[in-house]
Amino acid sequence: MEVVIASSSVGDAGIGCWDLRTGAEQLRHKSCASTARGLTSVGHRFVASSQLRDPSATSGTVFYWSWDRPQVEVKSFPAEPILPLAANSEGTYIVGGGVSGEIYLWEVPTGKLLRKWHAHYRGVTCLVFSDDDSLIISGSEDGSVRVWSLFMIFDDMRRQEATHLYEHSFTGHALRVTDVVIGYGGSNAIIVSASEDRTCKVWSLSKGILLRNIVFPSMIYAIALDPGEHVFYAGSRDGKIYVAALNAESSPNDAYGMYIIGLLADHSKAVTCLAYSNSLNLIVCGSEDGMVRVSDPKSGNVVRMFRHSKGPINNVQIVRKQLGFGPRIVANPQGSSRRHGSLLSPPLEKYTNSSDDDSDFRTVVSLHGASYEPLESPHISSNAMDQQIEELQRQSSSYAAEMELERLKVDCKRSFQMVERWKQMYENLHQFCVDELLDIDQAEPTKAGFT
């Protein structure tokens, strides 16, 4: 079942959930005052959201909900307020962006904080994984968009040798970045970023350059890519959804500006979030008027509307919901057990360990299968520390190698699919040529008979 989930910054509004095909409302999850870009589905198994906190708060809050229960089931308290939140496609990692510009990477099954790094000079505003889960793209209040490779993040040796962690740093925006989307193709994909400076910029990952700059009549808050990557949709503060060309040229005399080729139905208030359903070819948008609208991008007509709340909607996502999961027992990192709902995981760790509260983390990979003698003394010998560091480095390098292997498998699968397509095209062309020759051979005797 493909569902729409939407959340608001208003605490009593909760998380709305509707069947995208039928429009039927599903269970509404309670007690959610989400941050913008702070709602995500974790491997389609459960929903997670970072929460708005009092400006004076020094720690953050992340909640988990199972699909079949309205109450919050797992609460986490990261070291600082988390703004955007994203999960990879398998639901094995959650990444969060802090108000300080730090990015946090957690392992979902254990809740362990694997990595923390300083990503931006100001708060992180948006986060997204690439389609192959090998890259993280972040946007910030400082106007920059940066690309992070998980192979680099997990490889200690490369981290030590590199002058900086990011793969690319795009700095073309003059004001805060409001949204970022990435196309298909992993490291060869395009990135589209939106900003309060009224521009959307199209970047090439393979070349690391700006491909297109599009100026809009109003501030852009949200963007969504067409599956064919011919156009993208830009939701604006003036309540309009603009359609902008990614490849086609347009005249500078067009009604809305260069490269802006169309407009979807107006909304009464600002469009704050967008999502595209590839399977149903529908675009879903959330607005400050508390409504979720589903539109047909071909006709531009609104085909369905969902009322979420009186407050503004700041997140909307399309999720393929998994059904049929019953409660189970999950062990948390402290060794106790608690009853969770559908495939929920332990809370996210605040720090890697008690001694790393205020420092960057170096011991970040859990030592699966490794065992050490218990230390009765509060001090650890230098030899034991060296052994643990060597083991951590081996685990980190092997982990990066495993990720690289998975990426190569995906690339290999795509190559085989492309070969099969070419084979089919060749067979079709060959059959076409044979049919043409047969038609000519049959026509020749006919002409000879007339002569």
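Before we start, one definition: two strands count as paired if DSSP finds at least two bridges between them. Keep in mind, too, that this is a predicted model.

**Exercise 1. Work out how β7 sits in its sheet, and which residue of β8 is the bridge partner of Ala 86.**

Step 1. Begin with the single residue: Ala 86 has Val 95 in β8 as its bridge partner.

Step 2. Now widen the view to the two strands. β7 and β8 (residues 93–98) run antiparallel and are joined by 4 bridges, and the cut-off for a pair is at least two.

Step 3. Add the remaining strands. The order is β7-β8-β9-β10, an open sheet of 4 strands with antiparallel pairing.

Step 4. Look at the ends. β7 and β10 (113–118) are the edge strands, each pairing on one side only. From one strand to the next, the twist averages 15°.

**Exercise 2. Find which strands of the sheet β2-β1-β27 have a side without a neighbour, and explain why.**

Step 1. Lay out the sheet: it's open, has 3 strands in the order β2-β1-β27, and pairs antiparallel.

Step 2. Count partners. β2 (15–19) and β27 (313–320) each have a single partner strand, so one side of each has no neighbour in the sheet. The twist here averages 20° from one strand to the next.

Step 3. Check one pairing. β1 (residues 2–8) meets β2 over 5 bridges in the antiparallel sense, and Trp 18 in β2 is the bridge partner of Val 4.

**Exercise 3. Describe the largest pocket: how much space does it hold, and what lines it?**

Step 1. Take the volume: about 1500 Å³.

Step 2. Go to the lining, which has 44 residues; nearest the centre are Val 128, Phe 129, Tyr 276, Gln 317 and Ile 318.

Step 3. Trace the lining back to its elements. Those giving two or more residues are β3 (34–42), β7 (82–87), β11 (124–129), β15 (177–182), β19 (220–225), β23 (271–277) and β27. β27 gives the largest share, 6 residues.

Step 4. Sort by class: you get 23 nonpolar, 13 polar and 8 charged residues.

**Exercise 4. Decide where the pLDDT falls below 50.**

Step 1. Get the overall picture: the chain's mean pLDDT is 82, with 79% of residues at 70 or more.

Step 2. Pick out the stretches below 50. One is 325–342, which has 45 contacts in the model beyond near neighbours in sequence. Residues 354–382 are also below 50, with 36 such contacts.

Note on methods
Residues are numbered from 1 along each chain as its sequence is written. This is a predicted model: local features need pLDDT of at least 70, side-chain atom pairs count only at pLDDT 80 or more; totals for chains, interfaces and linings use all residues. Side-chain values use heavy atoms; hydrogens and water are left out. pLDDT is the predictor's confidence in each residue, from 0 to 100. Contact means heavy atoms within 4.5 Å. Axes are lines fitted to C-alpha atoms, for helices over the stretch in contact, and angles run from 0 to 180 degrees between N-to-C directions. On a 1 Å grid over the protein atoms alone, a cavity is a set of points where a 1.4 Å probe fits but cannot get out, and a pocket is an open set with protein on both sides within 12 Å along at least five of seven lines; lining residues have an atom within 4 Å of a point. Grid points are joined across faces, edges and corners, and a volume is the space filled by probe spheres set on the points. Ala, Val, Leu, Ile, Met, Phe, Trp, Tyr, Cys and Pro count as nonpolar, Asp, Glu, Lys and Arg as charged, and the others, Gly among them, as polar.
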